[in-house]
Amino acid sequence: MLRLSIGFYNILVIKKEAKSLKVELHNYHNHKILCNYDNGAVALIDEENLPYVNELIDTGKSEIGEERLKEIGFFEQSEGRKQAYIHVTHHCNMDCVGCYSRVSNRNKENDMPLEKIIKIIDELYDNGFVDLVISGGEPMLRKDLENIVHYAKSKSMNILLITNGSIDIPDSILCDIDILSISLDNIEEEYNYLGRRIDKDMILRQFEKAKANGVLYNGIITISNQNIDKLNEYYQMSIKYEFPITFSLFYSKDENAREYLVTDEKLEELAKSNFEILPGLIEGIDPLDEICCKRDCGAASRSISVDANGNLAPCHFMHDINLGNLGEDSKDAWENLKKFKEDLDNTKSECSNCEHYFLCGRGCLARSHSSGNFGFKDPYCNFYKTYYKLLQRELFE
Ligand SMILES: C[S@@+](CC[C@H](N)C(=O)[O-])C[C@H]1O[C@@H](n2cnc3c(N)ncnc32)[C@H](O)[C@@H]1O
Ligand code: SF4
Ligand code: SF4
C-alpha cells in the first residue's frame with residue numbers, strides 16, 4: 001500500500017455505508033484508492049488489502065486493523081478548522097479591473113460601525129470559524145482596524161490580513177496578526193495589468209516588518225489571461241526579494257473583464273507549469289505530496305464570507321448570494337447557510353461522472369454559479385482535468 005498523502009479537510013457529508021468513518025473506495029485509472037473524507041487522507045490499495053478495506057467500509061471501524069493505514073495517519077482526526085472572510089470596508093484607494101468586492105456604494109457611504117464588526121466576529125467565533133481573513137476594500141483604510149484585529153486576537157483567532165500594500169502597517173496591528181498577504185503581481189512595475197498601483201519600497205518594508213514581528217507573509221499574484229505567461233518571472237521575483245508567493249485565478253462576470261478570463265489552452269499550460277515547476281499554490285492544489293480527497297471546495301462549510309455590509313455569503317466570490325445579515329439577524333443567517341449547503345449537496349452536477357471528482361471536488365463553486373448554476377461544471381475545469389491527468393501519469397505509469 002502506498003501513501004499518497006494526508007490533507008486536513010473537514011467534510012460534512014456522511015457516507016451511509018461507513019458507520020463511524022466517512023471512507024469510500026474509488027476506482028481511479030484501474031487502481032483502487034481509499035479515501036477518508038473526514039480528514040482528506042487518500043491511500044492506494046493493492047489487491048491483497050482489498051478484503052480488509054471492504055470490511056473497513058462495511059463496519060466503518062478503524063480499530064480492526066491495518067497497521068500500515070494507521071502508520072500513514074489515515075485515521076488521524078481532522079483539525080476541522082473553518083475559515084471566514086470578513087470585509088471590514090467597501091472603501092478602496094485603488095480600482096482594479098474585475099475586483100470582486102467592488103460595490104455600487106464604494107467610497108460613497110460609511111462602513112459598518114466597530115460594534116457591528118465585533119458582533120460579527122463573536123458570531124463567527126461561536127460557530128467555529130476561528131481562522132479569520134480580514135479583507136475589503138482596502139482594510140488598512142479603516143481607522144479602527146487595530147481594534148478589530150485586537151478583538152479577534154483576544155479570542156485567539158488566527159488572523160490573515162490581505163492588503164494592497166499601499167499603506168504602512170503599524171506594529172500595533174502587525175503584533176496581532178498571524179499572516180500578512182500583500183497583493184502585488186510584479187513589484188518592479190509601477191502599475192500592474194489590472195490597474196493596481198505598486199509601491200515596491202512600501203511593500204518590501206511591510207514584509208521586513210512582518211518578519212521582525214514574527215508574522216508569516218506572502219505576496220498574492222492574481223493570474224489572468226494577461227499575465228499567465230509570466231509565472232516564471234514572478235517566481236524569479238520571489239526568489240530575488242525573498243518572499244513566498246501564492247496565486248489566485250482571476251474570474252469575473254464583469255463585461256469589462258472578458259479579456260482577462262483564462263482560456264482553455266492557457267489553463268492547460270498553467271496546470272502543467274504548476275505541476276512541474278512552481279512551488280507556489282494555485283487554487284488549493286499543492287505539489288504531489290499533498291493530494292487529498294474532497295467533496296467540494298468548502299464554500300458554505302469550511303469557508304464562508306461576510307461582505308462589507310455584514311451580509312453572510314457562501315464564499316468571498318459569491319457576495320451576490322445574501323444569506324442574511326450576521327450583525328443583525330444572525331440566527332436567520334446561520335439557518336439560511338445550513339439550508340443553502342443542504343441544497344448545494346443535493347444539486348446534480350455535471351461533474352458527477354468525472355473520474356477526478358473525488359480529488360477535484362468539482363473545482364470552484366463560485367465559478368460554476370457565475371456560469372449559470374451550481375450544477376454546471378467549473379468553467380476553469382480544464383485546469384483541474386489537465387492537472388489530475390498529469391497526476392495519474394506520475395502515479396501509475
Ligand atoms: C478584493 S482584494 C481586498 C484586499 C486588498 N484591497 C487587496 O487588493 O489585496 C483581495 C484579493 O482578491 C483578489 N481579487 C479581486 N478580484 C478578483 C477576481 N475577480 N478574481 C480573482 N481574484 C480577485 C485581489 O487581487 C486581491 O489579491
Ligand atoms: S486594491 Fe483590492 S479591494 Fe481595491 S480595487 Fe484592488 S483588488 Fe479591489
Ligand atoms: S471540474 Fe472538471 S475535473 Fe473537476 S470534477 Fe468537474 S469535470 Fe472533473
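Mentor: Two residues are in contact if their C-beta atoms, placed from the backbone, lie within 7 Å. This is a predicted model, in which local features need pLDDT of at least 70, side-chain atom pairs count only at pLDDT 80 or more, and totals for chains, interfaces and linings use all residues. Residues are numbered from 1 along each chain as its sequence is written, while chains are lettered from A and ligands numbered from 1 in the order written.

Trainee: What covers the buried residues of helix 3?

Mentor: The cover includes strand 5 (83-87), strand 6 (131-135), helix 4 (145-154), strand 11 (303-306) and helix 9 (330-346). These are DSSP runs numbered from the N terminus (helices: H or I, at least four residues; strands: E, at least two).

Trainee: Which residues of helix 3 are called buried?

Mentor: Ile117, Ile120, Ile121, Glu123 and Leu124; each therefore meets the cut-off of 20 or more other C-beta atoms within 10 Å of its own (exposed: 12 or fewer). They share one side of helix 3, because their arc around the axis (from directions to the C-beta atoms) is only 160°. The face turned away carries the exposed Glu115 and Asp126.

Trainee: How do you know that the span of helix 3 agrees with its length?

Mentor: Its 13 residues (114-126) should span 18 Å (1.5 Å times one less than the residue count), and the end C-alpha atoms are 18 Å apart, so the two agree. Gly128, with a positive phi near 90°, follows helix 3.

Trainee: Which element gives the largest share of the shell around ligand 3?

Mentor: Helix 12, with 3 residues.
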